[in-house]
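Subject: Handing over the structure

Hi,

Here is the structure I promised to pass on to you. Have a look at it first, and then read on for what turned up in it.

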Amino acid sequence: MVTGTLAPAPPGAASTEVAGPILFARYAFGPNRLGYCGPDDASELFDQATRGGDLGALRRQAEQFEGAYPYLQLIATANGLGDPLDARVVEAYWLGNELLEAVTPTLLGRSLDDRFRRRLSADGWRWLADKPNVGALPMHAFHVLDVFPRLGLLRSGATDNALAIMDSCRVRWGRVLEQDGDYLVVSAVPLALEGGKLALGEPRPERIRAWQDGASFVDRVAPGDVVSIHWDWACDRLDQPRLAALRAWTGREMGIANLTF
């Protein structure tokens, strides 16, 4: 492995407050570049989020994410916010925060019915339809752990290697160990099966992409920092509150998924 030396981060450095459309793009780019969701031109999404800053262009692209955008609309509406790409709404969806708690079981249930009922068998729909009543909330972990397994995991409907796909697609966290060219080596916590139920495994080294043509979402990252990861891409540097939120909300949705896994 050819390693590089990472510059130390400033004292107390953490996730930078950014505009909602840019924050959305940071998390959406990983699957978009692989062709799994969103518009066809992933390079524009990346360029606008790292160099361009054209929020109008990013908004138009975000609206094409047919999996994520309706959840953003639901969270915003439930909280009386007019902008689905408000940074607080975007953070609620990808990482989890208190805005999710305003989404009632009735609101989430109606959204799921509108979006997914016709695409599922009667048994599949029955299991999904009850999830709002047992506490599910409209964040990405819910979609990955509870909706994906019933709809087909990707656009193709593929179900092979289901656990690995779910692990890659969920937003996860990893502590930076070193830089390897355009990649970071991190200690990440994988999704596992224990007794037929979803669980979090022991941390393991993972090599993830962080730079493309000199641009990155996590430029000022240093060993010991924690980054969020979506598919094979480093999305953001997480401060302690955001890391705690992601861990807690992931665990919560995992427990709900295990009721019918």
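A good place to start is Asp41, which sits in the loop that joins helix 1 (20-33) to helix 2 (42-52). Please keep in mind throughout that this is a predicted model. Asp41 is partly exposed, and its relative accessible area is 37%. Together with Asp40, Glu44 and Asp54, Asp41 makes up a patch of negative charge on the surface.

**Cysteines**

How many disulfides does the structure hold? The count is zero. Cys37 takes part in no disulfide, and the nearest cysteine sulfur, which belongs to Cys169, is 7.2 Å away. In general, a disulfide is a covalent bond between the sulfur atoms of two cysteines. Seen from Cys169, the closest cysteine sulfur is the one in Cys37, and because the two sulfurs are 7.2 Å apart, they are too far from each other for a bond. For reference, the cut-off for a disulfide is a pair of cysteine sulfur atoms within 2.5 Å. As for their surroundings, Cys37 counts as partly exposed at 23% relative accessibility, while Cys169 is buried, with a relative accessible area of 5%.

**Salt bridges**

Side chains of opposite charge can pair when their charged atoms come close. There are 16 salt bridges in the structure, and a few of them are worth finding in the viewer.

One of them joins Asp83 to Arg59, with 2.8 Å between the closest N and O atoms. This pair links distant parts of the chain: Asp83 belongs to the loop between helix 4 and helix 5, Arg59 belongs to helix 3 (residues 55-62), and the two are 24 residues apart. Asp83 is partly exposed at a relative accessible area of 23%, and Arg59 is partly exposed as well, at 30%.

Another salt bridge brings together the side chains of Asp86 and Arg88, again with an N to O distance of 2.8 Å. Is Asp86 buried or exposed? With 17% relative accessibility, Asp86 counts as buried, because buried means under 20% relative accessible area. Its partner Arg88 is partly exposed, with a relative accessible area of 46%.

Then there is Asp123, which forms a salt bridge with Arg126; here the closest N and O atoms are 2.8 Å apart. Asp123 and Arg126 are three residues apart in helix 7 (residues 122-129), so about one helical turn separates them. Asp123 is partly exposed at 45% relative accessible area, and Arg126 is partly exposed at 48%.

Finally for this part, Glu91, Asp239 and Arg242 are connected with one another in a network of salt bridges.

**Sequence and space**

Two pairs of residues show how separation along the chain and separation in space can be read side by side. Asn97 and Leu246 are 149 residues apart in sequence, yet their C-alpha atoms are 8.5 Å apart. Asn97 lies in the loop that runs between helix 5 (87-94) and helix 6 (105-116), and at 8% relative accessibility Asn97 counts as buried.

The other pair is Ile75 and Gln48: they are 27 residues apart along the chain, and 25 Å separates their C-alpha atoms. Ile75 is part of helix 4 (residues 69-78). Ile75 is buried, with a relative accessible area of 0%.

**Backbone angles**

Most residues other than glycine have a negative phi, and most peptide bonds are trans. Which residues have a positive phi although they are not glycine? Asp213 is one of them, with a positive phi of about 50°. You will find Asp213 in the loop between strand 5 (204-209) and strand 6 (226-230), where Asp213 counts as exposed at 67% relative accessibility.

Trp231 also has a positive phi without being a glycine, in this case about 55°. Trp231 lies in the loop between strand 6 and strand 7 (233-238). In contrast to the exposed Asp213, Trp231 counts as buried, at 10% relative accessibility.

I hope this helps you find your way around. Write back whenever you like if anything here is unclear.

Best wishes

Methods. Residues are numbered from 1 along each chain as its sequence is written. This is a predicted model: local features need pLDDT of at least 70, side-chain atom pairs count only at pLDDT 80 or more; totals for chains, interfaces and linings use all residues. Side-chain values use heavy atoms; hydrogens and water are left out. Patches are made of residues with over 30% relative accessible area and no salt bridge: like charges are joined within 9 Å, nonpolar side chains (Val, Leu, Ile, Met, Phe, Trp, Tyr) within 5 Å. Accessible areas come from the Shrake-Rupley method with a 1.4 Å probe; for residues, only the protein chains shown count as cover. A salt bridge is a side-chain nitrogen of Lys or Arg within 4 Å of a carboxyl oxygen of Asp or Glu. Lys and Arg count as positive and Asp and Glu as negative; His and the chain ends are not counted. The place of a charge is taken as NZ of Lys, CZ of Arg, CG of Asp or CD of Glu. Helices (H or I, at least four residues) and strands (E, at least two) are DSSP runs, numbered from the N terminus. Buried means under 20% relative accessible area, exposed over 50%, partly exposed in between (1.4 Å probe, protein chains only).
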